[in-house]
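Okay, thanks for squeezing me in. Let me put the thing on the screen, and then I'll walk you through a pocket and a few side chains.

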Amino acid sequence: KSVEEKIFNGQLKEILRDKLEDLNEQQLMVLQLYYVEELNVYEIAEVLSVSTGRVSQIKTAAISRLKTLIESQVNA
């Protein structure tokens with residue numbers, strides 16, 4: 001990787017960390033369980049006492065929100 005790529009990746013991680021704070025508690029929990037704890041949708045549904053469909057909705061909404069927040073930051 002070039003120095004520019006490393007700097008950009010570092011900045012992107014920083015922006016991502018910052019924007020995660022703009023998600024609601026349930027969205028954060030789903031992303032944490034899915035990407036960090038590596039639970040599947042069925043396991044997350046059990047943990048949160050919601051349907052698997054609801055877990056998917058929350059995950060999709062959280063990712064969409066993050067994408068919007070990051071794009072607005074990067075393009076500002």
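Quick vocabulary first: buried means under 20% relative accessible area, exposed is over 50%, and partly exposed is in between, with a 1.4 Å probe and protein chains only. And the fine print: this is a predicted model, where local features need pLDDT of at least 70 and side-chain atom pairs count only at pLDDT 80 or more, while totals for chains, interfaces and linings use all residues. Residues are numbered from 1 along each chain as its sequence is written, and side-chain values use heavy atoms, leaving out hydrogens and water.

So, is Gln27 buried or exposed? Gln27 counts as buried, because its relative accessible area is 11%. Gln27 lies in helix α2; helices here are DSSP runs of H or I, at least four residues, numbered from the N terminus. Skipping residues up to four places away in sequence, Gln27 touches Ile58, Ala61 and Ala62, where contact means heavy atoms within 4.5 Å.

Now the largest pocket, at about 150 Å³. A pocket, on a 1 Å grid over the protein atoms alone, is an open set of points where a 1.4 Å probe fits, with protein on both sides within 12 Å along at least five of seven lines; lining residues have an atom within 4 Å of a point. The volume is the space filled by probe spheres set on the points. Which helix gives the most to the lining? That's α2, with five residues, while α1 (3-20), α2 (25-36) and α4 (52-74) each supply at least two. Among the lining residues are Leu16, Leu28, Gln32, Tyr35 and Ile63. By class, the lining has eight nonpolar, one polar and no charged residues.

Tyr35, also in helix α2, touches Lys59 and Ile63, again not counting residues up to four places away in sequence. Tyr35 is partly exposed because its relative accessible area is 48%; Tyr34 is partly exposed too, at 29%.

Last bit, the rings. There's one aromatic pair: Tyr34 and Tyr35, edge-to-face, 4.8 Å centre to centre with 80 degrees between the planes. Rings pair if their centres lie within 6.5 Å, and over 60 degrees between planes counts as edge-to-face. Lys59 lies over the face of Tyr34, 4.5 Å from the ring centre; the cut-offs there are NZ of Lys within 6 Å of the centre and within 35 degrees of the ring normal.

Conventions: Ala, Val, Leu, Ile, Met, Phe, Trp, Tyr, Cys and Pro count as nonpolar, Asp, Glu, Lys and Arg as charged, and the others, Gly among them, as polar. Rings of Phe, Tyr and Trp (its six-membered ring) pair if their centres lie within 6.5 Å; planes under 30 degrees apart count as stacked, over 60 as edge-to-face and the rest as tilted.
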